[in-house]
Amino acid sequence: MPNDQLQHDNLGFLVNDVARLLRRAFDRRVQSIGLTRSQWSVLVYLNRRDGMQQIELAEQLDITPITLSGLLDRLERDGWVERRPDGSDRRAKRVFLTAKVAPVIKNIQRLGKELRLEALTGINARDEEKLMQLLQQMRCNLASK
């Protein structure tokens, strides 16, 4: 089997390649809002769970706490987020979205739905559902290790 074919039949390569292409396509769409990948990622994670501790957010984003701190400095300066002391841990800060973010989140969600439709073109609803179930099972299998 040619080396090129081996790469395309490799699960890790294929999942990574699809994720890379999705990120690239989404980044192009989100540029119209004026956000970088790092910025929109923070906003999306906080939209799912507003008020996360900075350390938890860094772990979710798979970046170092110092990298997140610089990113949050810029987002806070621009009025997207605010950091507040954690009531149960005086060393920790929690990060909250501001009201300014709501319309941007709606726009990000709209762009995400458009990209999903594009990515799933030619895949019927039953296969889409099965794909999602399989990917969720894989995530669950790997997250438990």
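**Entry 1: a word I need first**

Buried means under 20% relative accessible area, exposed means over 50%, and partly exposed is in between. I wrote that down before anything else, as I'll lean on it below. I also noted that this is a predicted model.

**Entry 2: the whole chain**

I started with an overview. The chain has seven helices and three strands. Reading from the N terminus, I get the order α-α-α-β-α-α-β-β-α-α. The C-alpha trace spans about 55 × 35 × 30 Å along its principal axes.

Next I looked up how much is tucked away. Of the 145 residues in the chain, 28% are buried. The chain exposes about 10,300 Å², and carbon and sulfur atoms supply 53% of that area. I also checked contacts with a separation of 6 or more: 46% of them are between residues 24 or more positions apart.

**Entry 3: the sheet**

In what order do the three strands of the sheet lie? I find β1-β3-β2, in an open sheet with antiparallel pairing. The edge strands are β1 (52–53) and β2 (81–86), and each of them pairs on one side only.

I then went through the pairings. β2 and β3 (residues 89–97) are antiparallel and share six bridges. β1 and β3 are antiparallel too, over two bridges. Between β2 and β3 I found a hairpin, which joins them through two residues.

Some partners I jotted down:

- E82 has F96 in β3 as its bridge partner.
- R83 stands opposite V95 in β3.
- M52 also has V95 in β3 as its bridge partner.

So V95 turned up twice in my list, once with R83 and once with M52. A reminder to myself: in a regular strand the side chains alternate between the two faces of the sheet.

Which helix lies across β2 and β3? I get α5 (residues 65–77), and this helix runs at about 120 degrees to β2.

**Entry 4: salt bridges**

Side chains of opposite charge can pair when their charged atoms come close. I looked up the count here, and it is 13 salt bridges. I followed up some of them.

The pair D27 and R37: the closest N and O atoms are 2.4 Å apart. D27 sits in helix α2 and R37 in helix α3 (residues 37–48), so this salt bridge ties together parts that are ten residues apart in sequence. Is D27 buried or exposed? Its relative accessible area is 18%, and the limit for buried is under 20%, so D27 counts as buried. R37 has 37%, so R37 is partly exposed.

The pair R29 and E118: their side chains meet in a salt bridge at 2.4 Å, N to O. R29 is in helix α2 and E118 in helix α6 (residues 102–119), so this pair ties together parts that are 89 residues apart in sequence. R29 has 21% relative accessibility and counts as partly exposed. E118 is partly exposed as well, at 48%. I noticed that 48% falls short of the over 50% needed for exposed, so the label fits.

The pair E56 and R49: here the N to O distance is 2.7 Å. E56 is partly exposed, with a relative accessible area of 23%. R49 counts as partly exposed at 43%. Which residues share a network with this pair? Salt bridges with shared partners join R49, E56, D86 and R94 into one network. I placed the two others by residue number: D86 falls in β2, which covers 81–86, and R94 falls in β3, which covers residues 89–97.

**Entry 5: a nonpolar patch**

Last, I looked at the surface. L11, V15, L131, M132 and L135 form a nonpolar patch there, and together they have about 390 Å² of accessible area. Where do these residues come from? α2 (11–30) and α7 (125–143) each supply at least two of them. α7 gives the most, with three residues.

I picked M132 for a closer look. M132 is in helix α7. Its relative accessible area is 32%, so M132 is partly exposed. Joining a patch takes over 30%, so M132 passes with its 32%.

**Entry 6: what I'm keeping**

My short version: a three-stranded open sheet ordered β1-β3-β2, helix α5 lying across β2 and β3, and a surface patch fed by α2 and α7. Helix α2 also carries D27, which pairs with R37 in α3, and R29, which pairs with E118 in α6.

How values were computed: Residues numbered from 1 in each chain as written. Predicted model: local features only at pLDDT ≥ 70, side-chain atom pairs only at ≥ 80, totals over all residues. Heavy atoms only, no water. Pairing = 2+ DSSP bridges. Helix = DSSP H or I, 4+ residues; strand = E, 2+ residues; numbered from the N terminus. Contact = heavy atoms within 4.5 Å. Axes fitted to C-alpha atoms, helices over the stretch in contact; angles between N-to-C directions. Patch = residues over 30% accessible without salt bridge, like charges linked within 9 Å, V, L, I, M, F, W, Y side chains within 5 Å. Areas by Shrake-Rupley, 256 points an atom, 1.4 Å probe, with all protein chains shown as cover. Salt bridge = Lys/Arg side-chain N within 4 Å of Asp/Glu carboxyl O. Buried < 20%, exposed > 50% of the residue type's maximum accessible area, 1.4 Å probe, protein only.
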